[in-house]
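I opened my notebook to record what I looked up in this structure. The entries follow the order in which I went through it.

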Amino acid sequence: MQSVHVVIIGGGYGGIRAMERLANHSRISITLIDKNPYHYMQAEVYDFIANKVDMSAVMIDLPSLCKSFGLVDFICEEVNGIDTAAQSVSTPTSTISYDHLIIATGSRTYFPDFIRGLREHTHGVKSIPSALDFKQQFERSLLNRIEAQTRGCEVEPFNIVIGGAGLSGVEIAAEMAAYANHFYQNGNFGCRGVDVYLIDAYESILFGMDPFLIQNAHDRLIQLGVHVWHNNRISEVRANEILLDNGKTLSFEFMIFTGGIAASTLTQHLGFETTPKGHLNVDENLNIPNNPNIYAIGDITNALDENGKFIPPTAQLAERGAECVAKNILRTLSGKAKQPFRYKNQGVMIALGGEYGVGLLPGGIKVKGYLAYLIKKTIFRLYTSPLRHRSAIGKRR
């Protein structure tokens, strides 16, 4: 097998999994490029913003992780462009040649331009800085309310609005409601608590998912006191108020928008074919069309299943795509034909505040309550423990 250099852009779920699968082959050298020095486990952000874990729980150090592998270099820079003719990637300070390239830069919160004020007045949680900003401002506001009560001041309504009732929106709404309830009960504070509103554009939360998940998630949200507004579309967001398309208005202290994602901004500068939201079109092998040595995986892609149906972006999709791409790179080096990507959902687990969850396991097994919570946390530990172990090894090198 010939020696080759693989460049991976993006240290998220897909990029890390591709690196793991390729790094143990002695004839493959790897360069991982990411603008941040950490792997952000965004799928667990609800625990972080609800103060159940600290920042270190949702981060893995990328430099030390890469050092734990023999032939992996890490570059902490933003990618400026890709020269397909020269087979190179450019950053502000260097040019890196590649034999095979994997683009895995993930996604960002999509703020539709037709919703006035949305970008200016809402928070996203797709990055650690944005999640941290929300967390700190939220806790400061809680303290201000308590101090205002002791001074005899009238306490104003405190509403948190979550725009979008997909997986992220539901998990964040449940965890914020559970956290707020615990905060006031634990401290025996007498002032009015926090109201969480989940604004849903469809007739049900988790639209398109299994009815078991929808019903149990909805029941849990109601139990936690979350106000779920179905069939409501946001038409405008002002400094502390949203306007809905049916004429209703709602004041808020904070708003988090999870109503959609767009590809990372890198795709705007590559010259490859994209969807209107910047997602890269890929073929059945996850190659960029007409570029057999360039792959794209995860949230940045417009991945389709064998029936031509769009596959929703998840960490699971990114990891399965990375495994397929790594296998195809190895097959190419061995002179074998590539195998097309075939995605099989291996189940879904949803955290619903406190120690409660709901999920579907392979084989259609349904779980809910504390058992589902334990399973979800076990899956997370099984993912993070090997990475933290390897990172500790790299730190000592």
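**Entry 1: the three-stranded sheet**

I began with helix H9, residues 370-396, which lies across strands E21, E22 and E23. H9 runs at about 105 degrees to E23. I kept in mind that this is a predicted model.

Next I looked up the sheet itself. E21, E22 and E23 form an open sheet in that order, and the pairing is antiparallel. Which strands are at the edges? I found E21 (348-351) and E23 (365-369), each of which pairs on one side only. From one strand to the next, the twist averages 5 degrees.

I then checked helix H7, residues 211-223. H7 packs on this sheet and touches E21, E22 and E23. The direction of H7 makes about 175 degrees with that of E22.

I also looked at how E21 meets E22. Four bridges link E21 to E22 (residues 357-361) in the antiparallel sense. I noted one bridge: Ile350 has Val358 in E22 as its partner.

**Entry 2: strand E9 and its neighbours**

I moved on to strand E9, residues 100-103. Are its faces covered or open? Both are covered. His100 and Ile102 are buried on one side, and Leu101 and Ile103 are buried on the other. I wrote down the general rule beside this: in a regular strand, side chains alternate between the two faces of the sheet.

E9 has a parallel partner in strand E1 (residues 4-9), with four bridges between them. Here I found Val6 opposite His100. E9 also runs parallel to strand E20 (residues 291-296), joined by three bridges. In that pair, Leu101 stands opposite Ile294.

**Entry 3: the nonpolar cores**

Which residues have the most contacts inside the largest nonpolar core? I found Met19 and Ile103, in a core of 62 residues. Helix H8 gives the most to this core, with nine residues. Another core lies apart from it and has 49 residues, among them Ala173, Tyr184, Ile256 and Val358. I had already met Val358 as the bridge partner of Ile350.

I listed the contacts of Met19, leaving out residues up to four places away in sequence. Met19 touches Ile8, Ile30, Leu32, Leu65, Cys66, Phe69 and Val72.

**Entry 4: helix H8**

I checked the length of H8, residues 315-333. At 1.5 Å a residue, its 19 residues should span 27 Å. Its end C-alpha atoms are 27 Å apart, so the expected span agrees.

Then I asked how enclosed H8 is. Of its 19 residues, 15 are buried, so H8 is largely enclosed by the rest of the structure. After H8 comes Gly335, whose phi is positive, near 80 degrees.

**Entry 5: two leucines with positive phi**

I noted a positive phi of about 50 degrees at Leu206, which is not a glycine. Leu206 is in the loop between strand E12 (194-199) and H7. Its relative accessible area is 2%, under the 20% cut-off, so Leu206 counts as buried.

Leu286 also has a positive phi, near 70 degrees, and is a residue other than glycine. I located Leu286 in the loop between strand E18 (261-263) and strand E19 (287-288). Leu286 is buried, with a relative accessible area of 4%.

**Entry 6: Thr122**

I found Thr122 in the loop between helix H4 (118-121) and helix H5 (128-150). Is Thr122 buried or exposed? At 10% relative accessibility, Thr122 counts as buried.

What does its side chain reach? The Thr122 side chain comes to 2.6 Å from the backbone oxygen of Leu118. Leaving out residues up to four places away in sequence, Thr122 touches Phe111, Val237, Met255 and Phe257.

**Entry 7: Phe134**

My last stop was Phe134, in helix H5. Phe134 has 0% relative accessibility and counts as buried.

I looked up its contacts, again without residues up to four places away in sequence. Phe134 touches Ile49, His123, Met176, Phe254 and Ile256. Ile256 belongs to the core of 49 residues. Phe134 and His123 are 11 residues apart along the chain, and their C-alpha atoms are separated by 6.8 Å.

Methods:
Residues are numbered from 1 along each chain as its sequence is written. Side-chain values use heavy atoms; hydrogens and water are left out. The expected span of a helix is 1.5 Å times one less than its number of residues. Buried means under 20% relative accessible area, exposed over 50%, partly exposed in between (1.4 Å probe, protein chains only). Two strands pair if DSSP finds at least two bridges between them. Axes are lines fitted to C-alpha atoms, for helices over the stretch in contact, and angles run from 0 to 180 degrees between N-to-C directions. Contact means heavy atoms within 4.5 Å. A polar contact is a pair of N or O atoms within 3.5 Å; within protein, one must be able to donate a hydrogen and the other to accept it, and residues adjacent in sequence count only if both atoms are side-chain atoms. A nonpolar core is a set of buried Ala, Val, Leu, Ile, Met, Phe, Trp, Tyr and Cys residues joined through side-chain atoms within 4.5 Å.
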